[in-house]
Amino acid sequence: PEETMTLKRPIVVYLDSQDFSKFADIMNGRGAPDVAVVLDYLLVEIDAGRVIAPMSMLHLSELLQYDGGGRELALRKAAAIERICARWAFRYPSDIFCSF
């Protein structure tokens, strides 16, 4: 029989900017099917409270650095970050990693 592992704390998964770009594509009806599978699984774990995917200051700075032609991509990435990071989207980084 399979044993179920019970975690006392959520797992913190750090996603880089390219991950958010790929997930943003999936959320907007584009992208690779294998990435959609990963996103679906990740969102189930996030929604269940077993995983936290925090946003870092680097992600924020990358969203702010776009030219006029990249506005739509930046908005799609921001929406993906908001959905994936949930309530951890705009926390100070040390709060995320040191509060456990």
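**Figure 1. Overview of the predicted protein chain and its contacts.** Of the contacts in the protein chain with a separation of 6 or more, 73% are between residues 24 or more positions apart, a contact being heavy atoms within 4.5 Å. This is a predicted model, in which local features need pLDDT of at least 70 and side-chain atom pairs count only at pLDDT 80 or more, whereas totals for chains, interfaces and linings use all residues. Residues are numbered from 1 along each chain as its sequence is written, and side-chain values use heavy atoms, with hydrogens and water left out. The secondary structure comes to five helices and two strands, arranged from the N terminus in the order β-α-α-β-α-α-α; helices (H or I, at least four residues) and strands (E, at least two) are DSSP runs, numbered from the N terminus. Buried residues make up 31% of the 100 residues in the protein chain, where buried means under 20% relative accessible area, exposed over 50%, and partly exposed in between (1.4 Å probe, protein chains only). The protein chain exposes about 6,900 Å², of which carbon and sulfur atoms supply 56%; accessible areas come from the Shrake-Rupley method with a 1.4 Å probe, and for residues only the protein chains shown count as cover.

**Figure 2. Helix α1, its start and its buried residues.** At the N-terminal end of α1, Asp 16 acts as a cap, with a side-chain oxygen 3.0 Å from the backbone nitrogen of Gln 18. Gln 18 itself lies in helix α1 (residues 17-27) and counts as exposed at 57% relative accessibility, while Ser 17, also in α1, counts as buried at 15%. Leaving aside neighbours within four places in sequence, Ser 17 is in contact with His 59, Glu 62 and Lys 77. The C-alpha atoms of Gln 18 and His 59 are 10.0 Å apart in space, although these residues are 41 residues apart in sequence. The buried residues of α1, among them Phe 20, Phe 23 and Ile 26, pack against α2, α3 (57-64) and α4. After α1 comes Gly 29, whose phi is positive, near 75 degrees.

**Figure 3. The largest nonpolar core.** A nonpolar core is a set of buried Ala, Val, Leu, Ile, Met, Phe, Trp, Tyr and Cys residues joined through side-chain atoms within 4.5 Å. The largest such core has 18 residues, of which Leu 15, Phe 23, Leu 42 and Ile 84 touch the most other members. Two or more residues of this core come from each of α1, α2 and α4, and α2 gives the most, with five residues. Not counting residues up to four places away in sequence, Ile 84 touches Leu 15, Phe 20, Phe 23, Leu 39, Leu 42, Leu 43, Ile 46 and Ala 53.

**Figure 4. The two salt bridges found in a search of the whole structure**. A salt bridge is a side-chain nitrogen of Lys or Arg within 4 Å of a carboxyl oxygen of Asp or Glu. In one pair, Arg 50 meets Glu 45 with the closest N and O atoms 2.7 Å apart; Arg 50 is partly exposed, with a relative accessible area of 39%, whereas Glu 45 is buried, at 12%. The side chains of Arg 83 and Asp 47 form a salt bridge at 2.9 Å, N to O. This pair links distant parts of the chain, with Arg 83 in helix α4 (residues 71-85) and Asp 47 in helix α2 (residues 33-47), 36 residues apart. Arg 83 is partly exposed, with a relative accessible area of 33%, and Asp 47 counts as exposed at 52%.

Conventions: A polar contact is a pair of N or O atoms within 3.5 Å; within protein, one must be able to donate a hydrogen and the other to accept it, and residues adjacent in sequence count only if both atoms are side-chain atoms.
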